[in-house]
Amino acid sequence: MTCWLTTEWPWYVAGPLIGLFVPALLITGNKVFGISSNLRHLCAAIVPGKVEYFHYDWKKTGLWNLVFLAGVLIGGFLAFHSGAAHDVAVSAATRNSLLGLGIHDFHGVAPRELFTWRTLLTLRGFLSVVVGGFLVGFGTAYAGGCTSGHAISGLANFELPSLIAVIGFFAGGLAATYFILPFVLGGV
Amino acid sequence: MTTQVVSEFEGCGAASSEPQAARPAYLTVYLLLGVAFGFVLSRSEVISWFRIQEMFRFQSFRMYGIIGSAIATAALSIALIKWAGLKSVSGESISIPPKSLGSGIRYAAGGAIFGLGWALTGACPGPLFALIGNGVSVMVVAVVSALAGAWIYGWARPSLPH
């Protein structure tokens, strides 16, 4: 059965829907859309240690966002189990670029050559999951936001700090794509 | 609503904002919004490592179309909210606290560090969690690693340029 709920959505449907979470959160409780502050809230809740940055009332400022984040995980689960398994229809150019880097498995949302428990302790698996995850956590905390907080909420509100951050996102992303990934994927 | 949340922090504003934010009814709304967001992230495929590679290689308009139209929709919504002077359902006047620019270093450096991680994991923080729901269970390790990264930032914060 091909139904709009079970297949990928075109960009002009997906984008506006994502953008609507900004007014939805503002109108329900004057909350600013941004996911990465949850990493700080989780640190504050679990392992604040003696770090001043993690000593604040996380329940008061962040409980709503942690609940939202739990929902994101559940939403992913529902989408996965209600959708048909398929290859992500990336462009032929991307497919060729990735084949050239040794990625042959195009099934699912992430290549199993990098994102399984079995490959976790290979160089490329470790770099993709452990090092990549660390950089996401450190970088978003340092920048004070991620794609949601800076690229969407921040740019939509015409904030210069967010524009600088988004330029940084792309500088880092391009560097990893063109200099780190070929080295790591090609070298194994 | 009979639920009373007793705040230990009776600072300015705390008494009015904390109880409503913590009420189960409000939390349910955020849970449902989160579920919807996780579903949208999945169906739009922005959680896919392949899509992120396609974006950083400039080989498809798709991701730019998604992010661009998301920003345009959000910007239009914010402008309408400001123009109409809307209040939130909870009765607060709606405002987005501005970020202070400072030297700008934190945005450039932090942004670039996140960008490296975005391309390597193929995921930003929201998609990291949506991916676990999508059965990519090894992303639990990426989340723990991201928490470690955020923690190290908090620890090193006093000595980092902002």
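## Exercises on a predicted two-chain model

**Exercise 1.** In this predicted model, find how many residues the largest nonpolar core has and which of them have the most contacts inside it.

*Solution.* The largest nonpolar core has 105 residues. Those with the most contacts inside it are A:Val22, A:Leu135, A:Ile152, B:Leu131, B:Ala146 and B:Ala150. Next, look at what the helices give: H6(A) gives the most to this core, with 11 residues. Now pick out A:Leu135. Leaving aside its neighbours within four places in sequence, A:Leu135 touches chain B at B:Ile113, B:Phe114, B:Leu116, B:Gly117, B:Leu120 and B:Gly149.

**Exercise 2.** Work out how helix H7 (residues 139-156) of chain B spans its length, and what its buried residues pack against.

*Solution.* Start with the span: 18 residues reach 25 Å from first C-alpha to last, close to the 26 Å expected at 1.5 Å a residue. Then list buried positions, which include B:Met139, B:Ala146, B:Gly149, B:Ala150 and B:Trp151. Finally, follow their packing: the partners are helices H3 (37-46) and H6 (123-143) of chain A, along with H5 (105-121) and H6 (125-133) of chain B.

**Exercise 3.** Are H2(A) and H2(B) roughly parallel or antiparallel to each other?

*Solution.* Take the geometry first: H2 of chain A (residues 21-29) and H2 of chain B (residues 24-43) pack at about 175°, with axes 11 Å apart. An angle over 145 degrees counts as roughly antiparallel, so H2(A) and H2(B) are roughly antiparallel. On the H2(A) side, the contact uses A:Phe21, A:Ala24, A:Leu25, A:Thr28 and A:Gly29; H2(B) brings B:Tyr26, B:Val29, B:Leu33 and B:Phe37. Sorted by class, this contact has seven nonpolar, two polar and no charged residues.

Note on methods:
Residues numbered from 1 in each chain as written. Chains lettered and ligands numbered in written order. Predicted model: local features only at pLDDT ≥ 70, side-chain atom pairs only at ≥ 80, totals over all residues. Helix = DSSP H or I, 4+ residues; strand = E, 2+ residues; numbered from the N terminus. Expected span 1.5 Å × (residues − 1). Buried ≥ 20, exposed ≤ 12 C-beta atoms within 10 Å, placed from the backbone. Contact = placed C-beta atoms within 7 Å. Axes fitted to C-alpha atoms, helices over the stretch in contact; angles between N-to-C directions. Parallel < 35°, antiparallel > 145°, perpendicular 65-115°, else oblique. Nonpolar A, V, L, I, M, F, W, Y, C, P; charged D, E, K, R; others polar. Core = buried A, V, L, I, M, F, W, Y, C linked by C-beta atoms within 7 Å.
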